[in-house]
Amino acid sequence: MLSADDPLPVRPERVLIAGVTGSGKTTLAARIGEAWGLRHVEIDALFHGPKWTPRPEFLDDVRSFAAEDRWVTEWQYTSKGTDEILAPRAQLVVWLDYPYRVVRTRLLRRTLSRGILRTPLWNGNVEKPIWRMLRGDPEENILRWQTDTLHKWDERMPEVVERFPHLAVVRLRHPQQTEAWLRAQEPVGESIAPPKRRSRDR
């Protein structure tokens, strides 16, 4: 496993961004896509149909873009079958392993902002009402979901490394470390600037 200080052996062409809900996977994927000339596929947009209904074409769409040569996406919906499609094709995993206080603050800020502003997301959906954050069901309560899955990647990553030895894994432990890592990937004279729009990265 690589740290923020370790150079990449090659510039990857297929990248997965892993991390708990609220860590900033989608934002980072968009930045890497723009900087490296990779197609950013926002996997939430493939999964959620109108009225938050799962799209039956989801896995077919994942297979379709995974077969392409150049892409970056969020590593999500592992329980739906994405592991066996994405991991064999990817070359790099960027793991955002941030402290709880960082991901909790980010998730609260994002959820409240979207709930108040009714920010459009995908296929006509908007963020669910804020009062649903108080429900016990993790499928409704995104804060509970984050708590329940907080250590998911700590538990899974050793298995990922063993099952998919071709994958390079970069573990980034703080947003400042991520920024330093991004700068280290820049060709001279270029920069990886944050995108103007943040999208849901559950």
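E159 is partly exposed, with 41% relative accessible area (partly exposed means between the cut-offs for buried, under 20%, and exposed, over 50%, using a 1.4 Å probe and protein chains only). Its partner R163 comes out at 38%, so R163 counts as partly exposed too. The side chains of E159 and R163 meet in a salt bridge, with N and O 3.9 Å apart (a salt bridge needs a side-chain nitrogen of Lys or Arg within 4 Å of a carboxyl oxygen of Asp or Glu). About one helical turn separates the two, because E159 and R163 sit four residues apart in helix 7, residues 152-163. Elsewhere, D97, D154, R171 and R173 are joined into one network by salt bridges that share partners.

A word on where these values come from: the model is predicted, local features need pLDDT of at least 70, side-chain atom pairs count only at pLDDT 80 or more, and totals for chains, interfaces and linings use all residues. Residues are numbered from 1 along each chain as its sequence is written, and side-chain values use heavy atoms, with hydrogens and water left out.

Stepping back, the protein has eight helices and five strands (these are DSSP runs numbered from the N terminus, with helices being H or I of at least four residues and strands being E of at least two). Along the sequence they follow the pattern β-α-β-α-α-β-α-β-α-α-α-β-α. Of the 202 residues, 48% count as buried. Among the contacts with a separation of 6 or more, 73% come from residues 24 or more positions apart (a contact means heavy atoms within 4.5 Å). The protein exposes about 10300 Å², and carbon and sulfur atoms supply 53% of that (areas are from the Shrake-Rupley method with a 1.4 Å probe, and for residues only the protein chains shown count as cover).

Back to salt bridges: a search of the whole structure turns up 13 of them. One joins D148 to R144, with the closest N and O atoms 3.1 Å apart. Both residues belong to helix 6 (residues 142-148), four residues apart, or about one turn of the helix. D148 is partly exposed at 44%, and R144 is partly exposed at 37%. Another salt bridge brings together the side chains of D61 and R55, at 2.8 Å from N to O. Here D61 has a relative accessible area of 25%, while R55 has 23%.

Helix 3 (residues 58-66) has a buried set made up of F58, V62, F65 and A66. These residues lie on the same side of helix 3 because they cover an arc of only 100° around the axis (the arc is that of the directions from the helix axis to the C-beta atoms). Their cover includes strand 2 (39-41), helix 2 (43-47), strand 3 (71-74) and helix 4 (83-86).

The structure also holds six aromatic pairs (rings of Phe, Tyr and Trp, using its six-membered ring, pair if their centres lie within 6.5 Å; planes under 30 degrees apart are stacked, over 60 edge-to-face and the rest tilted). F47 and F58 have ring centres 5.1 Å apart and planes at 85°, so this pair is edge-to-face. It links helix 2, home of F47, with helix 3, home of F58, across 11 residues. F47 also pairs with Y77: the centres are 4.2 Å apart and the planes at 20°, so that pair is stacked. Y77 is buried at 14%, and F47 is buried at 10%. Together, ring pairs link F47, F58 and Y77 into a cluster.
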